[in-house]
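Reader: Could you take me through one part of this structure up close? I'm new to this, so please keep it relaxed.

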Amino acid sequence: MTTPTRRATAGMVAEAAGVSRVAVSRAFNPEASLDAEKRARILEIARRMNYAPDRAARALKMRRSHLVGVIVPDVCSPWESQEIDALTTALQERGLGTLLFKTRADLTLADATLRNLRSFNLDSVIAFAESVGPDRLRPYLDRAVPIYVDYLGAGTPATALADVDRLEIDLVPGMTQAVALLAGHGARRVAYLSGRPGSQAERSRRATLEALLSARGLPPPRVAAGDFTYATARQATLDLFRLDGGADAIFAANDESAFGAMDALRHGLGLAVPGDVHVVGFDDIAQSGWDSYALTTVKIDLAARVQALVRLILRRTGQPEAPPLREALPTSLVVRNTVGGGAP
């Protein structure tokens, strides 16, 4: 059999395989019941004939696009890029495609972008940018239910995400371990290197740190204003030590900020980490394990987070009328080389 110069149709494959068009359709649906030998024969003939199902036509018929929209504020920062990569891979393994929508600088989406999002008839939408809230998204989603990531901590107020599908990240376990480790090594003046102003993740991390320090009888953290980026964190750390008296420990809102703090301490101020200043990050991105940083950090298990998001998508697809769905994920502490050298 020769390979045709144009794309074949399902009818042509059915005729060549001596089966019905329904059998061809079932062969391309892993969940459909079909004899394994017959499925393999149909798929091989389809491959040789350059046939692939028309996903657009199938989407119209089944009212499923097999597309997941992902709304992100950034695609270049280490955490976001690693999460997008892992999530895209996990979705592709389940036959789902990913469409990426990036917010504007103010973390919002324009009406034109939202209309474009709606035109794809998405099966699901994951919103990593909390400023694009449920009330903003719902008019553009038709049957899809948005999924949000919620950060829950000690002393943090309830969020407005109770009526949507959500992944809840429990900050308390990992941050409790981090504060205990700092206190055990003699840290008394803890600075908090903050994240992007207005971010729910930032507010929850700061409030949790304040509550945990207070529970140990320690003063509230001194706040150095950051925005989750390396450059801002580096400058904020220099200002903290040159102009505001410094600290004996820095808890950074994310790992990238911790890297900026460490480089400021070591190369800008001539201080040793952890000999003079302890540093803790948040996220446990891949670079945190590099020898140059070897960062002690509060870990969000990326693989577990991605699998939880995929479960939410699949559960919602199977239960379109179900009440809001929820997955929970605890944090933990990864101890490396940036805390130590103080009191045992």
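Author: Sure, let's look at helix H3 and what surrounds it, then visit a strand elsewhere in the chain. Keep in mind that this is a predicted model.

H3 covers residues 36–48, and Arg39 sits in it. Is Arg39 buried or exposed? Arg39 is buried, yet it has no salt bridge. The nearest side chain of opposite charge belongs to Asp35, and that is 8.6 Å away, while a salt bridge needs the atoms within 4 Å. So what does Arg39 touch, if you skip its neighbours within four places in sequence? Its contacts are Arg26, Ala27, Asn29, Pro30, Ala32, Ser33 and Leu34.

H3 also has a helix partner. The axis of H1 (residues 10–17) comes within 10 Å of the H3 axis, and the two cross at roughly 120°. That angle falls outside the 65 to 115 degrees that count as roughly perpendicular, so H1 and H3 are oblique to each other. The crossing is right-handed. On the H1 side, Val13, Ala16 and Ala17 do the meeting; on the H3 side, you'll find Arg41, Ile42, Ile45 and Ala46.

Now for the strand. Asp165 is in E5, which spans residues 165–170. Asp165 counts as buried because its relative accessible area is 0%, and the cut-off is under 20%. Again leaving aside neighbours within four places in sequence, Asp165 is in contact with Val145, Pro146, Ile147, Tyr148, Arg316, Pro323, Pro324 and Leu325. Take Arg316 from that list: it is 151 residues from Asp165 in sequence, but their C-alpha atoms are 8.4 Å apart in space.

Notes. Residues are numbered from 1 along each chain as its sequence is written. This is a predicted model: local features need pLDDT of at least 70, side-chain atom pairs count only at pLDDT 80 or more; totals for chains, interfaces and linings use all residues. Side-chain values use heavy atoms; hydrogens and water are left out. Helices (H or I, at least four residues) and strands (E, at least two) are DSSP runs, numbered from the N terminus. Buried means under 20% relative accessible area, exposed over 50%, partly exposed in between (1.4 Å probe, protein chains only). Lys and Arg count as positive and Asp and Glu as negative; His and the chain ends are not counted. Contact means heavy atoms within 4.5 Å. Axes are lines fitted to C-alpha atoms, for helices over the stretch in contact, and angles run from 0 to 180 degrees between N-to-C directions. Angles under 35 degrees count as roughly parallel, over 145 as roughly antiparallel, 65 to 115 as roughly perpendicular and the rest as oblique. A crossing is left-handed if the near helix is turned anticlockwise from the far one by less than a right angle, and right-handed if clockwise.
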